[in-house]
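Me: I'm new to this structure and would love a close look at one part of it. Could you pick a good starting point and then walk me outward from there?

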Amino acid sequence: MCAGPGVTQRVLLVNVVGLTQPLLRHMPNLSALAARGGLRALSPVFPAVTCSVQSSMVTGLMPNRHGIVGNGWYFRDLGEILLWRQSNKLVMGEKVWETAAGRFEGYRSANVGWWYAMNASNDVIITPRPVYHQDGRKSPDCYVVPPELHDVLTEKLGTFPLFQYWGPTADITSSRWLVNASVEILQRYSPTLLTAYVPHLDYDFQRFGPHSPLAIAAAAEVDAALAPLLSYADEHGMTTIVVSEYGISPADNPVDINRLLRREGYLRVYTQQGREYLDPWTSRAFAVADHQAAHIYVRDEADVARVASAVSDLDGVDTVLDRNAQQALAIDHPRSGELVAIAEPAAWFTYYYWLDDGRAPEFAPCVDIHRKPGYDPAELLMNPDDRAAKAKAAAALATKALGLRYTMNVVALNGAAVRGTHGRLPDSDEERPVVISSAANLLSRSSSPMPATVVRDLVLDAHRLQT
């Protein structure tokens, strides 16, 4: 089955996070797809993190134009640090499905798990969204458009496995669910474009390192999970494009950038019930840590040079970009910090700002991506320094099963156990993300990496293909 004259070719765009070319030797399904079609290396945008790269892929724009300067930033008008917002209206620029809808008659798009899905213009949407109960409990679930699809998917696939999507219990279950939901949508709605997100490689690569045996096993798991989706697309004559946002590199050096700023007198906290919370309103400077990038917000222009000098001297910091230097990496946007720090290879930035673990905020040992003022990869691991961590987790889950409020205090207050990271631009070809196409004529034969911004045009070109 294929698109005939005047018929728009249907496209499946799959985002396999962390996929690099060396992994394909462990992934027979994706290897076969590349062999019959094509493969190219990709150059991610900076910072090479989920929200920034995805936004560049769907808009064809760099972060200084679409405005997604990281997985979160300091919202100056609100006075709050917010990560993992979900409204698509934060992404400036026309999205590929919006461009395509104006060019191809009867166009329909489905978004399964790509970020900024809420308030998007897709016809079908699935994105993680917990149930926040009145008593403070949180239950797994997802946001679905059209709403009647929610119960269909829940009945067929079970409740969206939120606690296997992120945190110390994250595993292949969530990726399988998203793949199976994608197949169901293709069968039920036959969209012209379906974008699917497959996150599993991210977990064990950050936990154990990208070259560990467990990482290799994760690659095989992802490849097997993808089989029904790739088969459906092939059997129904769709063009499949597989992309990766970034490669993950080994890590062993957590960099406490906010603790430096606090010791230097720039970062201030406020105290409640003996615990300390970062105070962005009165701080002269603080950092929003995001893997290997950190936006540093400096209140007074007179402090910028001194803050830059102090951060530059911190072990694990590669470079610090002022507004002028940010232009070279297309990260110069009003949402960006006055300074942007880039970590050295194998280093990454922590969000930690307290100097005494006894005064750490209540959310610190928990999985709490919305309250923490920066990214915390330690959330993927049970605290290795706490022998009772697994027992605490089991007790919390038992409490949850009874319908009672619970706290999962199992996350380490340091990043010593983290073994993988990303965010800086690739330091080697082996760490580059890739793009694979089932259509041999979609990718040129050049050996040079393609910019991630080209993914938008690849999708539009694929819609025109007559296979």
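Reply: Happy to! Let's begin with Ser 212, which counts as buried because its relative accessibility is 11%, below the 20% limit used for that word. Please keep in mind that this is a predicted model. Ser 212 sits in the loop that runs between helix 7 (200-208) and helix 8. Its C-alpha atom is 9.7 Å from that of Pro 250, although 38 residues separate the two along the chain.

From Ser 212, we can move on to helix 8, which will be our main subject. Helix 8 covers residues 213-235 and gives 10 residues to the largest nonpolar core, the largest share of this core. That core has 144 residues in total, and the members touching the most others are Leu 19, Leu 30, Ile 241, Ile 296 and Val 311. Which domains does this core draw at least three residues from? The core takes at least three from each of domain 1 (11-249 + 424-463) and domain 2 (253-418).

Those two domains are how the protein is divided. Between their C-alpha centres there is a distance of 26 Å. On the domain 1 side, 43 residues take part in the contact, and on the domain 2 side, 49 residues do.

Back to helix 8 and its partners. One of them is helix 6 (residues 172-189), whose axis lies 9 Å from that of helix 8, with a packing angle of about 0 degrees. Because angles under 35 degrees are counted this way, helix 6 and helix 8 are roughly parallel to each other. On the helix 6 side, the contact is made by Ile 172, Arg 176, Val 179, Asn 180, Ser 182, Val 183, Leu 186 and Gln 187. Helix 8 answers with Glu 221, Val 222, Ala 225, Leu 226, Pro 228, Leu 229 and Tyr 232. Sorted by character, the residues in this contact of helix 6 with helix 8 are 10 nonpolar, 3 polar and 2 charged.

Another partner is helix 1 (residues 28-36). The axes of helix 1 and helix 8 come within 8 Å and cross at roughly 40 degrees. With that angle, helix 1 and helix 8 are therefore oblique to each other. Here Pro 28, Asn 29, Leu 30, Leu 33 and Arg 36 of helix 1 meet Asp 223, Ala 224, Leu 226, Ala 227, Leu 230 and Asp 234 of helix 8. In the contact of helix 1 with helix 8 there are 7 nonpolar residues, 1 polar and 3 charged.

Leu 30 deserves a pause, since it is among the core members that touch the most others. Setting aside residues up to four places away in sequence, Leu 30 touches Asp 223, Leu 226 and Leu 230, and also Leu 19, Leu 24, Val 242 and Ile 436.

Towards the end of helix 8 we find Ala 233, which belongs to this helix. Is Ala 233 buried or exposed? Ala 233 counts as buried because its relative accessibility is 0%. Apart from its neighbours within four places in sequence, Ala 233 is in contact with Leu 12, Met 238 and Thr 240. The C-alpha atoms of Ala 233 and Ser 438 are separated by 9.8 Å, even though the two residues are 205 apart along the chain.

Let's finish with a few spots in other loops. Thr 453 lies in the loop between strand 23 (450-451) and helix 13 (455-464). Thr 453 is buried, at 15% relative accessible area, and its contacts beyond four places in sequence are Val 45, Ser 56, Gly 60, Leu 61 and Met 62.

Two prolines follow cis peptide bonds. The bond from Phe 46 to Pro 47 is cis, with omega near -5 degrees, and Pro 47 is in the loop between strand 2 (38-43) and helix 2 (50-59). Val 145 and Pro 146 are likewise joined by a cis peptide bond, with omega of about -5 degrees, and Pro 146 is in the loop between strand 9 (142-145) and helix 5 (147-157).

Finally, Trp 84 is not a glycine, yet it has a positive phi of about 55 degrees. Trp 84 belongs to the loop between strand 4 (80-83) and helix 4 (96-101), and it counts as buried at 14% relative accessibility. Ala 330 also has a positive phi of about 55 degrees without being a glycine. Ala 330 is in the loop between helix 11 (323-326) and strand 19 (339-343), and with 10% relative accessibility it counts as buried.

Definitions and conventions. Residues are numbered from 1 along each chain as its sequence is written. This is a predicted model: local features need pLDDT of at least 70, side-chain atom pairs count only at pLDDT 80 or more; totals for chains, interfaces and linings use all residues. Side-chain values use heavy atoms; hydrogens and water are left out. A nonpolar core is a set of buried Ala, Val, Leu, Ile, Met, Phe, Trp, Tyr and Cys residues joined through side-chain atoms within 4.5 Å. Buried means under 20% relative accessible area, exposed over 50%, partly exposed in between (1.4 Å probe, protein chains only). Helices (H or I, at least four residues) and strands (E, at least two) are DSSP runs, numbered from the N terminus. Domain bounds come from an automatic or database domain assignment. Contact means heavy atoms within 4.5 Å. Axes are lines fitted to C-alpha atoms, for helices over the stretch in contact, and angles run from 0 to 180 degrees between N-to-C directions. Angles under 35 degrees count as roughly parallel, over 145 as roughly antiparallel, 65 to 115 as roughly perpendicular and the rest as oblique. Ala, Val, Leu, Ile, Met, Phe, Trp, Tyr, Cys and Pro count as nonpolar, Asp, Glu, Lys and Arg as charged, and the others, Gly among them, as polar.
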